[in-house]
Amino acid sequence: MTPPVVAAPVALSLPDATDLPVVPVGVLPSGALQLPDRPTVLGWFAAGAAPGAQAGTAVIAGHLDSAVFGPGPLVRLSNLRVGDVLQLTDAAGVSRRFSVVSRTSYPKPALPPEVFRRDGPPRLAVVTCGGAFDAARRSYADNVVVLAVPA
Amino acid sequence: MRHLIHTALVTAALVVTTVLTAGPALAAPSDQDATWLRAAHQGNLAEIAAGNAAQQSATTADVRNLGAMFVQMHTDLDNQLKPVAQQLGVALPGGPTAQQQQQLAAVQGQRGQQFDTAWIAQQIAAHSTTLSATQKEVQAGSDQRVLQLARAATPVVQQHLSELRNAAQKYGGPRSVPAGTGGQAADDSFRTAGWGVAGVGALMLVAAVAMSARRRATLR
């Protein structure tokens, strides 16, 4: 009758960083994804696909580092290789594995909208910042996007 | 006389047996049913709290109106649920879960438009989780009254989710992900550029020292 709905994600594990808490986040009027202040807490774009949904890209994002809180676990994204496993646990206790297929750096203005697509094959995108840091604007030049597929 | 007493006892026993086996009212609910009743109840309480917070703190009419709707509909759902839980002897928790309270507190920590964005996102997550659990109850529950509650709740929660997504859609998809303000993790290419600038300075320093050394040598 109704397509099965997936519970919200609550934790992400990388190969060397387990059970990073995940909270739901949305888009501000500026178009920016609102992220938790602490790099240790990641945001799931809640109006997009959920990890485990039958279609669409589930997006989890987090600060690479913070002027207030320092660097966070997503610095480890640069260590990821194709085939590495990322694991997401949802609020119902279900765990799902995803296998890394790519890691790409985009200059921020060139971040592809299709990273956030709600249609298409089910995938996971983990997004953070990277590249050169502009100290005056406290901003990185790039977005780093790790894509993974259900494993 | 003994015959009469015997008949009376048998009749009484029959009546007692009939009462004991009469209806599901005295049967224990399954773990699945009981778990869902408790979770749905806490979900209702969490939604009522979130709806009140929205009416108090929202910047946009969308969120205020959704908040009012959630308070009303989750109060209705809970008013249907509580008597069933009582009949089944399922004790209901007194408030939302610690995690639900924490999540609402995090939303309430946001100011202005940030509150609305955070509220919509948190509510999408909460309703997705609730709907997922309710679908599971419909599939795996046993007690007819609990199943009826779950079936009645399903379209309500679905409608809420749909309205929330409509509200979220007004903001559009994310156009940027500002995910780093510290610079501590800046990559090697920038550090190389940094050394490049420092390197020129270092060369100048070395040259200055060399020149002053030569001058000293000359003076000696």
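Trainee: Among contacts in chain A between residues at least 6 apart in sequence, what share joins residues at least 24 apart?
Mentor: That share is 58%, where contact means heavy atoms within 4.5 Å. This is a predicted model, in which local features need pLDDT of at least 70 and side-chain atom pairs count only at pLDDT 80 or more, while totals for chains, interfaces and linings use all residues. Residues are numbered from 1 along each chain as its sequence is written, chains are lettered from A and ligands numbered from 1 in the order in which they are written, and side-chain values use heavy atoms, with hydrogens and water left out.

Trainee: And how does chain B do on that score?
Mentor: In chain B, 79% of the contacts with a separation of 6 or more are between residues 24 or more positions apart.

Trainee: What is chain A built from, helices or strands?
Mentor: Chain A has 10 strands and 0 helices. Its pattern along the sequence reads β-β-β-β-β-β-β-β-β-β. Helices (H or I, at least four residues) and strands (E, at least two) are DSSP runs, numbered from the N terminus.

Trainee: And which elements does chain B have?
Mentor: Chain B has 7 helices and 0 strands, so from the N terminus on you read α-α-α-α-α-α-α.

Trainee: How much of each chain is buried?
Mentor: In chain A, buried residues make up 53% of the 151 residues. In chain B they make up 35% of the 220 residues. Buried means under 20% relative accessible area, exposed is over 50%, and partly exposed lies in between (1.4 Å probe, protein chains only).

Trainee: What about accessible surface for the two?
Mentor: Chain A exposes about 6400 Å², with 55% of it from carbon and sulfur atoms. For chain B the accessible surface is about 12500 Å², and 61% of that belongs to carbon and sulfur atoms. These areas come from the Shrake-Rupley method with a 1.4 Å probe; for residues, only the protein chains shown count as cover.

Trainee: Switching to the interface, how many residues does each chain put in?
Mentor: Chain A gives 50 residues to the contact and chain B gives 37 residues. Between them the chains bury about 3300 Å², 60% of it on carbon and sulfur atoms. Buried area here is the accessible area (1.4 Å probe) that two parts lose on being put together, summed over both.

Trainee: Which three residues of chain B supply more of its buried area than any other three?
Mentor: Those are Pro174(B), Val177(B) and Thr181(B), with 19% of the area that chain B buries against chain A.

Trainee: How many salt bridges cross between the chains?
Mentor: The rule finds 0 salt bridges across the interface of chain B and chain A. A salt bridge is a side-chain nitrogen of Lys or Arg within 4 Å of a carboxyl oxygen of Asp or Glu.

Trainee: And how many residue pairs are in polar contact there?
Mentor: The count is 23 residue pairs between chain B and chain A, both residues at pLDDT 80 or more. A polar contact is a pair of N or O atoms within 3.5 Å; within protein, one must be able to donate a hydrogen and the other to accept it, and residues adjacent in sequence count only if both atoms are side-chain atoms.

Trainee: Which helix of chain B gives the largest share of the side that touches chain A?
Mentor: That is helix 5 of chain B, with 13 residues. The residues on that side of chain B divide into 14 nonpolar, 20 polar and 3 charged. Ala, Val, Leu, Ile, Met, Phe, Trp, Tyr, Cys and Pro count as nonpolar, Asp, Glu, Lys and Arg as charged, and the others, Gly among them, as polar.

Trainee: Where is Thr117(B)?
Mentor: Thr117(B) is in helix 5 of chain B, and it is buried at a relative accessible area of 3%. A polar atom of the Thr117(B) side chain lies 2.9 Å from the backbone oxygen of Val27(A). Leaving aside neighbours within four places in sequence, the residues in contact with Thr117(B) include Gly26(A), Gln34(A) and Tyr171(B).

Trainee: Back to salt bridges: how many over all chains?
Mentor: The search of the whole structure finds 8. One joins Asp78(B) and Lys82(B) at 4.0 Å, N to O. Those two are 4 residues apart in helix 3 (residues 61–88) of chain B, which means about one helical turn separates them.

Trainee: Is either chain A example worth a look, and what is the N to O distance for Arg96(A) and Asp90(A)?Mentor: For Arg96(A) and Asp90(A) the distance is 2.9 Å, N to O, and Asp90(A) counts as buried at 5% relative accessibility. Arg137(A) also forms a salt bridge with Asp134(A), with the closest N and O atoms 3.6 Å apart.
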